[in-house]
Amino acid sequence: FGRRAAGGQDGSSTGLVEKNLWSFDGRIGREGFWVRIIGSSLLSIIAGFPITLLGSIPLGGPFALLLLGALSFFLAWFMLATHVKRWHDLGFSGSMALLNFTVLFIPIALVWLGFLKGTEKPNRYGAGPA
């Protein structure tokens, strides 16, 4: 989790648009964090509805389970990368994202990641988001 950023020319992400959405490298700001949180939530709802319908038809269950598993894996990876990059923006190691797996810390992390301003100057994870 503690690797250098690989987004912009100096190794940072460039605001909402970055070279690798799936990477754990770089930083994102509060706006990018909220766009990703809301976007991935909407995507899971929109994609989950037809998958659920597919699972209700005969012989659709195994295929629906496979699709749901793939969707869950990619969304979990995407959200973990998002949290790591946001912790980087605040100047912390990306391993802080592991605290999101503790039920008591989730609301604290949401407030911390979603509302606190990141470091303005470049840090060891790259330049600040644009």
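**Salt bridges and a nonpolar patch**

Both Glu120 and Lys117 are exposed. In this predicted model, these two residues form a salt bridge with each other, and their closest N and O atoms lie 3.1 Å apart. As a general point, side chains of opposite charge can pair when their charged atoms come close. The structure holds three salt bridges in total, and the other pairs are a good place to look next.

Asp89 takes part in a salt bridge with Arg27, where 2.8 Å separates the closest N and O atoms. Arg27 sits in the segment before H1, whereas Asp89 belongs to helix H2 (residues 61-89), so this pair ties together parts that are 62 residues apart in sequence. Arg27 counts as buried because its relative accessible area is 0%, and Asp89 is likewise buried, at 3%.

Asp89 also forms a salt bridge with Arg86, with a distance of 2.5 Å between the closest N and O atoms. These two residues are three apart in helix H2, which means that about one helical turn separates them. Arg86 is buried, as is Asp89. Through shared partners, the salt bridges join Arg27, Arg86 and Asp89 into one network.

A nonpolar patch can be found on the surface as well. Leu21, Trp22, Phe73, Phe74 and Trp77 make up this patch, which covers about 520 Å². One of its members, Trp22, is placed in the segment before helix H1 (30-55). Trp22 counts as partly exposed because its relative accessibility is 39%, a value between the cut-offs of 20% for buried and 50% for exposed.

Key
Residues are numbered from 1 along each chain as its sequence is written. This is a predicted model: local features need pLDDT of at least 70, side-chain atom pairs count only at pLDDT 80 or more; totals for chains, interfaces and linings use all residues. Side-chain values use heavy atoms; hydrogens and water are left out. Patches are made of residues with over 30% relative accessible area and no salt bridge: like charges are joined within 9 Å, nonpolar side chains (Val, Leu, Ile, Met, Phe, Trp, Tyr) within 5 Å. Accessible areas come from the Shrake-Rupley method with a 1.4 Å probe; for residues, only the protein chains shown count as cover. A salt bridge is a side-chain nitrogen of Lys or Arg within 4 Å of a carboxyl oxygen of Asp or Glu. Helices (H or I, at least four residues) and strands (E, at least two) are DSSP runs, numbered from the N terminus. Buried means under 20% relative accessible area, exposed over 50%, partly exposed in between (1.4 Å probe, protein chains only).
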